[in-house]
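Reader: I should like to learn how to read the features of a protein model step by step. Could we proceed from a turn to the sheet, and then to the helices?

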Amino acid sequence: MPDYFLAEHFAGKLGLPQEELAGFEARGVIRRVVKNERRYYSSRDLYRLKAVLHLINGEGLSLEKARSGVDAAARLVGVIGQ
């Protein structure tokens, strides 16, 4: 089971403003969990978004290409279902 981080801690680990998380969430890259009116993101989402950001910033891929590349790699290693 993944660990969960408060939204502000999650954003801090990535060096992103919390508002930017909403954009990634709206595009389906990450999913929040709400408990006691607070937003949380999983460690799985943290690693997924780190990989997506690396492909965008480091390799120059678009968000969609980075996302599909991360999804394909995750399927290969059995992290997510087909």
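Author: We may begin with a hairpin: S2 and S3 are joined in this way, with two residues between them. In the turn, Asn36 has a positive phi of about 50°. Please bear in mind that this is a predicted model.

Reader: In what sense do S2 and S3 pair, and over how many bridges?

Author: The pairing of S2 with S3 is antiparallel and extends over three bridges. Two residues of S2 may be followed across to S3: Val33 has Tyr40 as its bridge partner, and Val34 stands opposite Arg39.

Reader: What is the order of the strands in the sheet?

Author: The sheet is open and consists of three strands in the order S1-S3-S2, with antiparallel pairing. Strands S1 (4-6) and S2 (33-35) each have a single partner strand and stand at the edges, so one side of each is left without a neighbour in the sheet. On average, neighbouring strands are turned by 40° against each other, direction ignored.

Reader: How is S1 attached to S3?

Author: S1 and S3 run antiparallel and are joined by three bridges. For Leu6, the bridge partner in S3 is Tyr40. As a general idea for reading any such strand, side chains in a regular strand alternate between the two faces of the sheet.

Reader: Which residues does Ser42 touch, and is Ser42 buried or exposed?

Author: Ser42 belongs to strand S3, residues 38-42. The residue is buried, because its relative accessible area is 8% and buried means under 20%. Residues up to four places away in sequence aside, Ser42 touches Pro2, Asp3, Tyr4, Phe5 and Phe10.

Reader: Where is Asp3 found, and is Asp3 buried or exposed?

Author: Asp3 is found in the segment before S1. With a relative accessibility of 53%, Asp3 counts as exposed. Beyond residues up to four places away in sequence, Asp3 touches Tyr41, Ser42 and Ser43. Asp3 and Tyr41 are 38 residues apart along the chain, while their C-alpha atoms are separated by 8.4 Å.

Reader: Which element contains Ser43, and is Ser43 buried or exposed?

Author: Ser43 is found in helix H3. Its relative accessible area is 13%, and Ser43 is buried. Not counting residues up to four places away in sequence, the contacts of Ser43 are Pro2, Asp3 and Phe5.

Reader: How does helix H3 lie with respect to the sheet?

Author: Helix H3 (residues 43-57) lies across S1 and S3 and runs at about 65° to S3.

Reader: Let us turn to H1. Which residues of H1 are buried?

Author: A general idea helps here: an α-helix has 3.6 residues a turn, so residues three or four places apart point the same way. In H1, the buried residues are Ala7, Phe10, Ala11 and Leu14. Viewed down the axis of H1, they fall within an arc of 95°, so they line one face of the helix.

Reader: What covers the buried residues of H1, and what follows H1?

Author: The cover includes S1, H2, S3 and H3. Gly15 follows H1 and has a positive phi, near 70°.

Reader: How should one describe the packing of two helices?

Author: Two packed helices are described by the angle between their axes and the distance between the axes. For H1 and H3, the axes come within 11 Å and cross at roughly 35°; the crossing is right-handed. On the H1 side, Phe10, Lys13 and Leu14 take part, meeting Asp45, Leu46, Leu49, Lys50 and Leu53 in H3.

Reader: Which residues touch the most other members of the largest nonpolar core?

Author: That core has 19 residues, of which Phe10, Leu21, Phe24, Ile30 and Leu49 touch the most other members. H1, helix H2 (18-26), H3 and helix H4 (63-76) each supply at least two residues of this core. The largest share, five residues, comes from H3.

Reader: With which residues is Ile30 in contact?

Author: Apart from neighbours within four places in sequence, Ile30 is in contact with Phe10, Leu21, Phe24, Glu25, Tyr41, Asp45 and Leu49.

How values were computed:
Residues numbered from 1 in each chain as written. Predicted model: local features only at pLDDT ≥ 70, side-chain atom pairs only at ≥ 80, totals over all residues. Heavy atoms only, no water. Helix = DSSP H or I, 4+ residues; strand = E, 2+ residues; numbered from the N terminus. Buried < 20%, exposed > 50% of the residue type's maximum accessible area, 1.4 Å probe, protein only. Contact = heavy atoms within 4.5 Å. Pairing = 2+ DSSP bridges. Axes fitted to C-alpha atoms, helices over the stretch in contact; angles between N-to-C directions. Core = buried A, V, L, I, M, F, W, Y, C linked by side-chain atoms within 4.5 Å. Arc of directions from axis to C-beta. Left-handed = near helix turned anticlockwise from the far one by under 90°.
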